[in-house]
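User: Please take a close look at one helix in this structure and at how its surroundings are arranged. I would like a connected account rather than a list.

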Amino acid sequence: MAVQRTFSIIKPDATKRDLTGAINAKIEASGLRIVAQKRLRLTEAQAGVFYEVHRERPFYGELCAFMASGPIVAQVLEGENAVAAYRKVMGATDPAEAEAGTIRAEFAESKGENSVHGSDAPETAEVEISYFFSGLELVG
């Protein structure tokens, strides 16, 4: 296994409930390192660019509005097979289907307000990381 990086967002539903620390603790307990992190607020237009891949899906507008509804925490995580490792820690998109102990099983409020986003492939992670972070901000 190779050390790789992946991208994470702690979404507005979780930041509103002050869960950043609890989510970070789960990330770190899984063996992933947080190598960059910042709290910011997206506009709907910025969320739209980030989620462009979903533009044709019926939930796109609602997703963009939700992601602009409050602060997010953008993160770069690093570790062995980080993309797959983080997806396992996140759990299934629907918290009712998420494995016990995962972030979504413990913190998500619904399938739409599911507390976290994570990259689905190394190539996606590269694109998502570069949307939020410059190389100077990745301090490993």
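The part in question is helix α5, and the answer below sets out its burial, its neighbours and the loops at its two ends.

User: Which residues of α5 are buried, what covers them, and what is found in the loops on either side of the helix?

Analyst: The model is a predicted one. Some context for the chain comes before the helix.

The protein chain contains 7 helices and 4 strands. Along the sequence these follow the pattern β-α-α-β-α-α-β-α-α-β-α. The radius of gyration is 14 Å, close to the 14 Å that the globule rule gives for 140 residues, so the chain is as compact as a globular protein of that length. Along the principal axes, the C-alpha atoms fill a box of roughly 35 × 35 × 25 Å. Of the 140 residues, 47% are buried. Among contacts with a separation of 6 or more, 77% are between residues 24 or more positions apart. The exposed area is about 7200 Å², and carbon and sulfur atoms supply 52% of it.

Helix α5 spans residues 82–90. Its buried residues are A82, V83, Y86, V89 and M90. Around the helix axis they cover an arc of only 130 degrees, which puts them on the same side of α5. An α-helix has 3.6 residues a turn, so residues three or four places apart point the same way. The cover over this buried side includes the strands β1, β3 and β4 and the helices α2, α6 and α7.

At the start of the helix, N81 lies in the loop between β3 and α5. N81 has a positive phi of about 45 degrees, although it is not a glycine. Its relative accessibility is 29%, so N81 counts as partly exposed. Another residue of this kind is D18, which is not a glycine either and has a positive phi of about 55 degrees. D18 sits in the loop between α1 and α2, and at 67% relative accessibility it counts as exposed.

At the other end, G91 comes just after α5 and takes a positive phi of about 90 degrees. The loop between α5 and α6 (103–107) also holds T93. With 39% relative accessibility, T93 is partly exposed. Leaving aside neighbours within four places in sequence, T93 is in contact with R104, S110, K111 and N114. The C-alpha atoms of T93 and F66 are 16 Å apart, with the two positions 27 residues apart in sequence numbering.

One of the contacts of T93 is K111, a residue of the loop between α6 and β4 (116–118). K111 is exposed, with a relative accessible area of 54%. Its contacts, again without neighbours within four places in sequence, are T93, D94 and P95. K111 and A92 are 19 residues apart in sequence, and their C-alpha atoms are 9.0 Å apart. The loop after α5 and the loop before β4 are thus linked by the contact between T93 and K111.

Helix α7 (122–132) is part of the cover over α5. In α7, the buried residues are A125, E128, I129 and F132. They cover an arc of only 100 degrees around the axis, which puts them on the same side of α7. On the other side of α7, E123, E126, V127 and S130 are exposed. The buried residues of α7 pack against α5, and also against β1, β2 (33–40), α3, β3 and β4.

Helix α4 (60–67) serves as a further case, and F66, named above for its distance to T93, belongs to α4. Its buried residues are Y60, L63, C64, F66 and M67. Seen down the axis of α4, they fall within an arc of 165 degrees, so they line one face of the helix. They pack against β1 (3–10), α1 (12–16), α3 (44–50) and β3 (72–80). The strands β1 and β3 are also among the elements that cover the buried residues of α5.

To return to the request: α5 has its buried residues on one side, with N81 in the loop before it and G91 just after it.

Definitions and conventions. Residues numbered from 1 in each chain as written. Predicted model: local features only at pLDDT ≥ 70, side-chain atom pairs only at ≥ 80, totals over all residues. Heavy atoms only, no water. Rg over C-alpha atoms; globule rule 2.2 N^0.38 Å. Buried < 20%, exposed > 50% of the residue type's maximum accessible area, 1.4 Å probe, protein only. Contact = heavy atoms within 4.5 Å. Areas by Shrake-Rupley, 256 points an atom, 1.4 Å probe, with all protein chains shown as cover. Arc of directions from axis to C-beta.
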